[in-house]
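Biologist: Please look closely at one charged pair in this model and at what surrounds it. Go from the pair outward, and give the reasons where there are any.

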Amino acid sequence: MTVFFPLDTARLRLQVDEKRKSKTTHMVLLEIIKEEGLLAPYRGWFPVISSLCCSNFVYFYTFNSLKAIWVKGQNSTTGKDLVVGFVAGVVNVLLTTPLWVVNTRLKLQGAKFRNEDIVPTNYKGIIDAFHQIIRDEGILALWNGTFPSLLLVFNPAIQFMFYEGLKRQLLKKRMKLSSVDVFIIGAVAKAIATTVTYPMQTVQSILRFGRHRLNPENRTLGSLRNVLYLLHQRVRRFGIIGLYKGLEAKLLQTVLTAALMFLVYEKLTAATFTVMGLKRARKH
């Protein structure tokens, strides 16, 4: 996530700041560096990494625990992987959405927005952000974007379904997968899931940020839950392509990150079982 963090910064700017022109990823990053400084693409790194650690722990722990309970030594199927992935995703969303709301705002704090309707924030850190959001917007504001996030549960579910399915097909032809095989499978699975669900991710980012004014009522967008309304507004003003602003950066970032994540996950799992096997052998 650290290596590809600037790509995520470019994606978020294009999603939230609707008046920023949709340029290539490297052009957006160059603009950010020129206007806000060399370290601007890494703004909000710590909150995002903290949230990512919590989110991945919750998701993978739930996914593997449910899979172990359900399968119980039997051969897993694509359908079972999809159901388990969906349940693990729902648990993850309900537990970690407040973290993602806070880190989204911290990541965008101090940004040079093109949209004048965006209300600036002044948080001193993660704890202060939690405090100000609860004080000014109410505790439920920490769960802004929960509905689109629940719909986006299908993203990791689709990702795991394709990943497990492709992996099983390759294992029929060979005894063991290489690092390259795992990387490619992870990349393909995540690319499919990301493209299908990207419009909903755009709405999710806008709701989590929650700092837009809605003229003429002058209300903040964080109070809205009407996903269809947001989708309609974006299409009406910018066309279908408006729903996919930042997709290039998102694909680059998520595909590479997911592929490396699967690679490290498989290697750590194999290493863990190897160590456990050695310990058991020594005991006997």
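A salt bridge and its surroundings

Modeller: Glu 137 is partly exposed, since its relative accessible area is 30% and that class runs between 20% and 50%. This is a predicted model, and the description below applies to that prediction. The partner of Glu 137 is Arg 105, and the two form a salt bridge in which the closest N and O atoms are 2.6 Å apart. Glu 137 belongs to helix H5 (residues 126-137) and Arg 105 to helix H4, so the bridge ties together parts that are 32 residues apart in sequence. Unlike its partly exposed partner, Arg 105 is buried, because its relative accessible area is 0% and the limit for buried is 20%.

The contacts of Arg 105 come next. Leaving aside residues up to four places away in sequence, Arg 105 touches Thr 121, Tyr 123, Ile 133, Glu 137, Asn 144, Arg 208, Phe 209, Gly 210 and Arg 211. Two of these, Arg 208 and Phe 209, also appear where H4 meets helix H8. In that contact, Trp 100, Val 101, Thr 104, Arg 105 and Leu 108 on the H4 side meet Ser 205, Arg 208 and Phe 209 on the H8 side. Sorted by class, the contact between H4 and H8 contains 4 nonpolar, 2 polar and 2 charged residues. The axes of H4 and H8 (residues 179-209) come within 8 Å and cross at roughly 80°. The two helices are therefore roughly perpendicular to each other.

H4 (residues 78-108) also meets helix H1 (residues 5-16), where the axes come within 11 Å and the crossing angle is roughly 90°. That angle makes H1 roughly perpendicular to H4. Thr 104, Lys 107 and Leu 108 of H4 are in contact with Phe 5, Asp 8, Thr 9, Leu 12, Arg 13 and Val 16 of H1. By class, 4 nonpolar, 2 polar and 3 charged residues make up this contact of H1 with H4. Thr 104 and Leu 108 take part in the contact with H1 and also in the contact with H8.

H1 itself has 12 residues, and from its first C-alpha to its last it reaches 17 Å, close to the 16 Å expected at 1.5 Å a residue. H1 is mostly covered, with 12 of its 12 residues buried. Among the buried residues are the charged Asp 8, Arg 11 and Arg 13.

The pair described at the start belongs to a wider set, as the count of salt bridges comes to 13. Another joins Lys 167 and Glu 266, with an N to O distance of 3.2 Å. Lys 167 is in helix H7 (residues 154-173) and Glu 266 in helix H10 (residues 247-283), 99 residues apart, and the pair links distant parts of the chain. Lys 167 counts as buried at 16% relative accessibility, while Glu 266 counts as partly exposed at 21%.

Asp 181 and Arg 174 form a further salt bridge, their closest N and O atoms lying 2.6 Å apart. Here Asp 181 is buried at 13% relative accessibility, and Arg 174 is partly exposed at 35%. Salt bridges with shared partners also join Arg 20, Glu 31, Glu 35 and Arg 114 into one network.

Conventions:
Residues numbered from 1 in each chain as written. Predicted model: local features only at pLDDT ≥ 70, side-chain atom pairs only at ≥ 80, totals over all residues. Heavy atoms only, no water. Axes fitted to C-alpha atoms, helices over the stretch in contact; angles between N-to-C directions. Helix = DSSP H or I, 4+ residues; strand = E, 2+ residues; numbered from the N terminus. Parallel < 35°, antiparallel > 145°, perpendicular 65-115°, else oblique. Contact = heavy atoms within 4.5 Å. Expected span 1.5 Å × (residues − 1). Buried < 20%, exposed > 50% of the residue type's maximum accessible area, 1.4 Å probe, protein only. Salt bridge = Lys/Arg side-chain N within 4 Å of Asp/Glu carboxyl O.
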